[in-house]
Structures are given as structure tokens and as C-alpha cells.
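Dear colleague,

I am handing over the structure below, and I would be glad if you read it alongside the notes that follow.

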Amino acid sequence: MKRKIMVFDTTLRDGEQVPGAKLNLHQKIEIAQQLKRLNVDIIEAGFPASSAGDFQAVQEIARSVGNSVSITALARAVKSDIDAVYESIKLAQNPLIHVVLGTSNIHVEKKFNRSKEAVMQMGVDAVKYAKTLLPQVQYSTEDASRSDFEYLWETIEAVVKAGATMINVPDTVGYAVPEEFGELIRKINERLKNLDDRVILSVHCHNDLGLATANTLSAIKNGAEKVECTINGLGERAGNASLEEVVMGLKVRENYFNGYTNINTTELHRTSRLVSHLTGLDVQVNKAITGENAFAHSSGIHQDGLLKDKQVYEIMSPEEVGADSMELILTARSGRHAFKNAVEKMGFDTSDAEDFEELFAKFLTLADAKKEVYDHDVFYLVTNHGTVE
Ligand code: KIV
Ligand code: ZN
């Protein structure tokens, strides 16, 4: 039987840690609403102990989308952080407290300057306290991939006995390689299933060596049941595993992985563009799944093959991820017809002629300034114009 893989989106927490990606309250809510349309299983809405603004954003997200998607937020293993998470997410229907604490020698010695036993006890105490507030608690063993395995396992065992319902294994600094990370997950999964098979095993991979997606997929192959990702792979330094890549990797190779997600993949492109527009961070043109060129074929040989049968050079259709098969790059000389075509292709109505003329005038101003107008610019123009539906 195929396994369902849960998708935990941390665009609003790890993704928001990208320098320059500061989002205001309204923008965070807009992203959370789109993540709901995308049908993610869990939204990590922020780190409420970090600031009053973050607390408020998590609280508003819990209020606005927390009736249909599970909401979590991050806490260090200290009471005040856990209280802040609880207070900000408690109105959601399915709230989850996320506690993080390091397990590698580097973290234990350099960050905490305490004994391993004392650090483990901090984790156990944090889980026990979180459990007095909510039934669902995730524990992240920060820097797991650089941790001594027996200590990592002892920590997992102790926090599960204390009540953790999800164990998240992060490759915090993007150090792992796929075979090795898969093996780590296989070993943890084997022991975890014997300890308590209700506990969900999760992974959180960073992209410092460009391996976050590969490591995440390798973990799924080896028993992970939940993946932590961000839209466009945003996140600390080189970012996190990109949600769209992991989800489509799993979908295109469903039989190989014997698993599936509940993601509405036709919303992927729109979500990517929205996050790019609101954070001001471009999607690289050759980015898998959502880059401008992801479905562009330029060589004559490829075009010839595609004309005979799309499958010759396409492993997934652009429509499956909500993208156009051929993106038209608009300029000020493109004219009304091309612009109208682009707007309608995105599903917007252009039947009100007067309104469309106003929108077209705005397009010309933008095209003069920018020279090339991409899909995400058109999307922004229309959604901010107000009257075209
Ligand atoms: O990278 C990391 O270890 C994290 C944890 C909070 C899961 O972001
Ligand atoms: Zn992270």
C-alpha cells in the first residue's frame, strides 16, 4: 500500500530567516492562505518568542487558516518559548508545538557548554512541559546529521517516552549526502517503530551542498513519513528543501517511492510566484519545476521530438504544476492581444473593456520601466488592480 507523506511547510519560519525576506503581517496571511489552497498538512507560521510582531503573525495565521490546516510554531527548549508558541497557536483546530534542541557534540559543547546528559534532560523537560499544554509535540534534534548516533538515539528515545508525537531529524547545515542520510533515517525508523510506531518520523534538510531535495527523497525511501520544505527552497543560507521539487519528485516517481502527498500540484506555480513577489526574491530561471525555463525547450531536436509526442522530452506536464506550456515574455511592443492572452491564461476575466484598458495602461508603464514583463509581474498587476476578476 502506498504511504501518505505529510508536507510541513516552513516558508514563514525558516524561509523568512532569509536576509531581506521580511514579510509584513498582511503578506504572511496571504502566503498562509495560499499554502492552505496548496493543501499542505502543517504550516509552521513563525517563531513567536522572537518578537511581538512574529507572535502576532502566528496568532493571526492560526485564526485565519487554523480551522483547516494544522498550525505550528518554533520554540527553543525553554518554558517561555513554549508558552509563546502555545498562546499564539491555541485557537487553531489542530495545533502542534515544535521544540528544537541540538544533539551534535558541537552544539552541546560550544552552544550550551553543558554535559550531554544535562542537554538531554532540557529536551525531556521541554517536551513534558509542552505536553501539559497540547497533545501534539514535535521534537527536532538540531544538527542530527553531525551527531553521534547513539546519543542521537538516546535523545529520541527519551523525548518519545516524555510524550513527543513527531521526531524531526534535521540536516541543519546541509552536510549530509543522500545515501548516508537515507541510512541514518533507516536506522532511526527501525528503532522508532519498535519503540512506538505511532510516532511520526520527519526530516528537515538544508541545501548548503545543493542536496536538500535529494536527501529528503532518500529519507522518504528509507521510512520518513513527513518532510519539511519551503516554497522556492527559501531558508537559512542556501535554503531548505524546495517543496515543489520534493512533491513533484515523489509524484513523478510515485511507484519508486511507493508514496504520495495530498498537495494540489496545480497550485505550485502560483504559490511560487506569490512567494517570490511578496519576498522580493526571484526564482532562478532554470529552477526545477517553477523556474521560467522549467518547461521551455529551445533546441531544434527537442522541439521536433516534442511535436511528435510530448513525452519524448517531458517527464511532467506544465499544467500539472499550474504553469503555462510556453511562457510568452511580454514587452511594451507586445500589444493588447498578447497581454490579454497572458491575463486570461492565468484564469482572470477580461470582459469589462474599460477596466481592461486601465489594466493595459498600467502594463505599458511597467513594460517601459522593466523592458521584459514575466508571468509573475502580470499576476501582480492583475491582483493589485482590484476590479478584473
Ligand atoms: O535547520 C534546523 O535544524 C531547523 C530546526 C528548527 C528544525 O530549522
Ligand atoms: Zn532549518
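**Around H206 and the ligand**

Leaving out residues up to four places away in sequence, H206 touches D171, T172, V173, G174, A212, G235, E236, R237, A238 and N240. Please bear in mind from the start that this is a predicted model. H206 sits in the loop that runs between strand 8 and helix 8, the latter covering residues 212–221. Is H206 buried or exposed? H206 is buried, because 25 other C-beta atoms lie within 10 Å, and the cut-off for that label is 20 or more.

H204, in contrast to a loop position, belongs to strand 8, which spans residues 200–205. H204 also counts as buried, since 29 C-beta neighbours are found inside 10 Å. Its contacts, once neighbours within four places in sequence are set aside, are S140, N168, P170 and E228.

Both histidines belong to the set of residues around ligand 1, which consists of D14, L74, V100, S140, E142, N168, P170, T172, H204 and H206. By character, this shell divides into three nonpolar, five polar and two charged residues. Two strands, strand 6 (137–142) and strand 7 (166–171), each supply at least two residues of the shell around ligand 1.

The UniProt record, in an unreviewed entry, places the feature "binding site" at D14, H204, H206 and N240. These positions are spread over 227 residues of sequence, yet they cluster in space, with a largest C-alpha distance of 10.3 Å. Of the positions in that record, D14, H204 and H206 are also among the residues around ligand 1, while N240 is among the residues that H206 touches.

**The domain and the nonpolar cores**

The same kind of source, again an unreviewed UniProt entry, lists residues 5–269 under "domain: Pyruvate carboxyltransferase". Over residues 5–269 the chain is 46% helix and 17% strand, and the C-alpha atoms at the two ends are 21 Å apart.

Which residues have the most contacts inside the largest nonpolar core? They are V7, I43, A45, I61, V99 and V227, in a core that has 86 residues. Helix 5, made up of residues 116–133, gives the most to this core, with six residues. Apart from the largest core lies another one, of 13 residues, which include L330, L359, V378 and V382. As background, nonpolar side chains in soluble globular proteins tend to be buried together.

V99 shows what such contacts look like in detail: not counting neighbours within four places in sequence, V99 is in contact with A75, A77, I82, A126, V127, A130, V137 and Y139.

**The loop after helix 1, and a second unusual phi**

V40 lies in the loop between helix 1 and strand 3, and V40 is buried, because 28 other C-beta atoms are within 10 Å. Beyond the neighbours within four places in sequence, V40 is in contact with V7, D9, L35, V69 and I263; V7 is also one of the residues with the most contacts inside the largest core. V40 and E183, by comparison, are 143 residues apart in sequence and 27 Å apart in space, C-alpha to C-alpha.

N39 is found in the loop between helix 1 (25–38) and strand 3 (42–44), and N39 is partly exposed, as 15 other C-beta atoms lie within 10 Å. Although N39 is not a glycine, its phi is positive, at about 75 degrees. Most residues other than glycine have a negative phi. D143, likewise not a glycine, has a positive phi near 60 degrees. D143 is placed in the loop between strand 6 and helix 6 (149–161), and D143 counts as buried because of its 22 C-beta neighbours inside 10 Å.

**K221 in helix 8**

K221 is found in helix 8, where K221 counts as partly exposed because 17 C-beta neighbours lie inside 10 Å. Not counting residues up to four places away in sequence, K221 touches G182 and F257. K221 and I5 are 216 residues apart in sequence, and their C-alpha atoms are 11 Å apart in space.

**How far to trust the model**

The chain averages a pLDDT of 93, and 94% of the residues score at least 70. The model as a whole scores ipTM 0.99 and pTM 0.84. Where pLDDT is low, the predicted coordinates should not be read in detail.

With best regards

Methods. Residues numbered from 1 in each chain as written. Chains lettered and ligands numbered in written order. Predicted model: local features only at pLDDT ≥ 70, side-chain atom pairs only at ≥ 80, totals over all residues. Near = placed C-beta within 6 Å. Helix = DSSP H or I, 4+ residues; strand = E, 2+ residues; numbered from the N terminus. Nonpolar A, V, L, I, M, F, W, Y, C, P; charged D, E, K, R; others polar. UniProt positions renumbered as here; feature names shortened; annotations may be inferred. Buried ≥ 20, exposed ≤ 12 C-beta atoms within 10 Å, placed from the backbone. Contact = placed C-beta atoms within 7 Å. pLDDT = per-residue confidence, 0-100. Core = buried A, V, L, I, M, F, W, Y, C linked by C-beta atoms within 7 Å.
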